[in-house]
Amino acid sequence: MGARDDALSHLRKAREFLDAAGLELDMELHTAAASSAVLAGINAKDAICLQLTGRTGKSDDHRAAVPELVAVGPAGKALESTFRRLLGLKTAAQYQAGPIGRTDATKAVAWATRMVDTARDATGS
């Protein structure tokens, strides 16, 4: 599989996680919605990077992904703060005991939507 195929695979995953986030939000499963939104954003970042540079980094520290996204050019730079905010919810949504509230979950889904839309535009899919 080449970078283009990998980009499209990540875009499909991003869309699936975003769809799940929307359903979870509708069901008032706020922590799950935020977690799915984070995963949608990460996969969207991978799709964008693969499409525009032919590669994407894999790291346990997702904060390292922000400079990688910025380095792809204007599309990535425009998403810097969105992606940073989305990743800021990762630990709270996926590892901490406390729940995510409706406001943060709604923001996370909006941020992920912006990232997925940009990935769709970048891949032309």
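Ala 37, Val 38, Gly 41, Ile 42 and Lys 45 of helix 2 touch Phe 83, Leu 86 and Leu 87 of helix 5 (contact: heavy atoms within 4.5 Å). Keep in mind that this is a predicted model: local features need pLDDT of at least 70 and side-chain atom pairs count only at pLDDT 80 or more, while totals for chains, interfaces and linings use all residues. Numbering runs from 1 along each chain as its sequence is written, and side-chain values use heavy atoms, with hydrogens and water left out.

**Helix 2 with helix 5**
- The residues of this contact split into six nonpolar, one polar and one charged (Ala, Val, Leu, Ile, Met, Phe, Trp, Tyr, Cys and Pro count as nonpolar, Asp, Glu, Lys and Arg as charged, and the others, Gly among them, as polar).
- The two helices pack at about 140 degrees with axes 9 Å apart (axes are lines fitted to C-alpha atoms, for helices over the stretch in contact, and angles run from 0 to 180 degrees between N-to-C directions).
- Helix 2 and helix 5 are therefore oblique to each other (under 35 degrees is roughly parallel, over 145 roughly antiparallel, 65 to 115 roughly perpendicular and the rest oblique).
- Their crossing is left-handed (the near helix is turned anticlockwise from the far one by less than a right angle).

**Helix 5 and its buried face**
- Helix 5 covers residues 80-88, with Thr 82, Phe 83, Leu 86 and Leu 87 buried (under 20% relative accessible area, against over 50% for exposed and in between for partly exposed, with a 1.4 Å probe and protein chains only).
- Looking down the axis of helix 5, the buried residues fall within an arc of 125 degrees, so they line one face (the arc is taken from directions from the helix axis to the C-beta atoms).
- Those buried residues pack against helix 2 (30-53), helix 3 (65-70), helix 6 (90-94) and helix 7 (102-123); helices here are DSSP runs (H or I, at least four residues), numbered from the N terminus.

**Helix 2 with helix 7**
- Here the angle is about 20 degrees and the axes sit 8 Å apart.
- That makes helix 2 and helix 7 roughly parallel to each other.
- Helix 2 passes helix 7 in a left-handed crossing.
- Among the residues making the contact are Ala 37, Gly 41 and Lys 45 of helix 2 and Ala 112, Met 115 and Val 116 of helix 7.
- By class, this contact has 15 nonpolar, five polar and two charged residues.

**Tyr 95**
- Tyr 95 lies in the loop between helix 6 and helix 7.
- With 61% relative accessibility, Tyr 95 counts as exposed.
- Tyr 95 and Ala 65 are 30 residues apart in sequence and 19 Å apart in space, C-alpha to C-alpha.
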